[in-house]
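Work through the exercises below with the sequence and the 3D view open. Try each task before reading its solution.

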Amino acid sequence: MSIFHSLNTSASALTAQRLRMDVISSNMANVETTRGKMVDGEWQPYRRKSVSFQPMEGRFSSMLQAAMGSQDRGAAGYGVTVARIREDRETPFKLVYDPSHPDANGEGYVQMPNVDPLREMIDLMSATRSYEANVTVLNANKAMLMKALEIGK
């Protein structure tokens with residue numbers, strides 16, 4: 001394990017949270033998009049996307065697992081990585097009555113994306129707080145490394 005291990009861990013978390021913020025921003029930008037993707041020859045509204053994280057595996061995590069026993073898999077590693085970006089297929093589209101809309105069905109209803117702006121703002125605040133916390137950890141690690149260098153003077 002190098003002295004830069006903690007910096008790399010924080011950097012991976014910053015990258016992952018930045019991607020999460022980008023996906024949330026995309027959801028917010030497409031809250032009114034009624035033509036997101038063509039499915040079976042028909043336009044579907046934009047579907048909400050979410051980011052899933054997983055721990056990075058490395059030498060340190062395998063050493064820790066061996067020391068702590070196999071029941072603590074993934075207790076520590078080299079940081080975090082994005083496992084996947086998933087489309088929300090469980091939440092149904094919202095139906096809005098607007099017979100003048102070009103995407104309205106025969107009864108005058110338009111399928112709107114399954115994006116809830118309130119939920120997106122809460123997720124964005126959570127991602128921002130996690131990003132800020134990782135910046136704080138990164139700065140603390142940098143300060144400790146600088147103090148360690150000053151000891152050698």
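Which residue forms a salt bridge with Lys 49, and how far apart are the closest N and O atoms?

The model is predicted: local features need pLDDT of at least 70, side-chain atom pairs count only at pLDDT 80 or more, and totals for chains, interfaces and linings use all residues. Residues are numbered from 1 along each chain as its sequence is written, and side-chain values use heavy atoms, with hydrogens and water left out.

**Solution 1**
- Start with the rule: a salt bridge is a side-chain nitrogen of Lys or Arg within 4 Å of a carboxyl oxygen of Asp or Glu.
- The partner is Glu 87, with the closest N and O atoms 3.8 Å apart.
- Lys 49 lies in strand S3 and Glu 87 in strand S4, so the pair ties together parts 38 residues apart in sequence. Strands are DSSP runs of E, at least two residues, and helices are runs of H or I, at least four, both numbered from the N terminus.
- Widen the view: Lys 37, Lys 49, Glu 87 and Arg 89 are linked in a network of salt bridges.

**Exercise 2.** Find the salt bridge between Arg 35 and Asp 103, and place both residues.

**Solution 2**
- The closest N and O atoms of Arg 35 and Asp 103 are 2.7 Å apart.
- Arg 35 sits in the loop between H1 and strand S1, and Asp 103 in the loop between strand S5 and S6, so this pair joins parts 68 residues apart in sequence.
- Asp 103 has a relative accessible area of 25%, so it counts as partly exposed. The cut-offs are under 20% for buried and over 50% for exposed, with partly exposed in between (1.4 Å probe, protein chains only).

**Exercise 3.** Set the pair Asp 22 and Arg 18 in its helix.

**Solution 3**
- Asp 22 and Arg 18 form a salt bridge, with their closest N and O atoms 3.4 Å apart.
- Both are in helix H1 (residues 5-29), four residues apart, so about one helical turn separates them.
- Asp 22 is partly exposed at 37%; Arg 18 is partly exposed at 47%.

**Exercise 4.** How many helices and strands does the protein chain have, and in what order do the elements run?

**Solution 4**
- Count: three helices and six strands.
- Order from the N terminus: α-β-β-β-α-β-β-β-α.
- Of the 153 residues, 27% count as buried.
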